[in-house]
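Thanks, everyone, for making the time this morning. I would like to walk you through a couple of local features, taking them slowly, and I will put the sequence and structure up now.

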Amino acid sequence: MKQVVYTASPESQQIHAWRLDEDGALSLLQVTDVSGQVQPMVVSPKKDFLYVGVRPNFRVLAFRIAADGTLSEAGEAPLPGSPTHISTDRTGSYLFCGSYNDACVSISPIGEDGVPQAPTQVIRELEGCHSANIDNANQTLFVPALKQDRICLYALNADGTLTPREQAQVTTVEGAGPRHMVFHPNGSYAYCVNELDSTVDVWALANAHGEVERVQSLDMMPPGFSETRWAADIHLTPDGRYLYACDRTSSTLTVFSVSEDGGLLTIEGYQPTETQPRGFNIDNSGRYLVAAGQKSHHIELYRIEEPQGLLTPLARYAVGQGPMWVVIHQLD
Ligand SMILES: O=C1O[C@H](COP(=O)(O)O)[C@@H](O)[C@H](O)[C@H]1O
């Protein structure tokens, strides 16, 4: 499997592209200097573009991905707020952008040429909007509003509009601060990391009444942890067996195993990592994890070990300044 790791470093305004070898070694392919602070990134479902949110002039840049994983800029479109998180729907027809500072989520059509266009709808008053996550069925967009302790649920309609679902939202524990989400491959459960109390919630996507319901909430910090909690990112292996979440105060990755049906998490261990890990990701084979240290200016690569999903550090690499987003793209 040929893979490329992209890291975004807003302080030095760079995207680094690394080749990831089968044995877990990284080698630098390309450094792209960008006219703006690069933050959230996502690869298109067709795997031909990398979309990157930049600021302070809020826009999304579209980079065409060459066969070897190198990037070339192909176009851009405006965004309605500072991009905190971007994602696409599962067909690659729409781009979503969540903005924490501007309290909104937007939807932008993606043109035939693969370049996003101007937003066609902006939903506001989502205080602390931190991400936009389409479910596996490509029907419901989950939008955590961190400062409101709620996750808003929108139907993605065939005409490219978002409308509140009949169950318009679910709420977390007060003060939890829902931030980032992932979905189990079986489509029945989602996992949300809560920034302010460093917990992870398991959400059943359809209970007996067909509604979204929280079925588990787990403290992700080691027993006795008494410092300020400041969780950030969450990712699941492609087979749905191991889940990881990071906390920035303690610079820790928490390792969870996932029950076969996806409905129950168990903490397996805690891995010290790069200073202030704001973003990390898992490769497409489910064998490696790459974490970025916003304050160490390095990324660290780990091997995911059977049978618990614990992490073995392999190597660390200097990147740009303030790395905070990691995306891993499969070339073949
Ligand atoms: O995790 C956090 O995210 C918010 C939003 O990030 P931004 O990069 O879009 O400004 C940030 O303001 C907050 O301090 C931080 O804890």
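Let me begin with strand β10, which is joined to strand β11, residues 121-123, by three bridges, with the two strands running antiparallel. Please keep in mind that what you are looking at is a predicted model. If you would like one pair to fix your eye on in this part of the sheet, take Ser106, whose bridge partner in β11 is Val122.

Strand β10 also pairs with β9, and here six bridges hold the antiparallel arrangement. Within that pairing, Val105 of β10 is the residue that stands opposite Gly98. The two strands β9 and β10 make a hairpin, with four residues between them, and in the turn you will find Ala103, which has a positive phi of about 50°.

How many of the six residues of β10 are buried? Five of them are, and the strand, residues 104-109, is therefore largely enclosed by the rest of the structure.

Now let me move to Asp89, which lies in the loop that runs between β8, residues 85-88, and β9, residues 94-99. Asp89 has 19 other C-beta atoms within 10 Å, and because a residue counts as buried only at 20 or more, it is classed as partly exposed. If we set aside the neighbours within four places in sequence, the residues in contact with Asp89 are Tyr94, Ile134, Asn138 and Leu156. Pro56, by contrast, is 33 residues from Asp89 along the chain, and the C-alpha atoms of the two are separated by 25 Å.

Key. Residues numbered from 1 in each chain as written. Predicted model: local features only at pLDDT ≥ 70, side-chain atom pairs only at ≥ 80, totals over all residues. Buried ≥ 20, exposed ≤ 12 C-beta atoms within 10 Å, placed from the backbone. Contact = placed C-beta atoms within 7 Å. Pairing = 2+ DSSP bridges.
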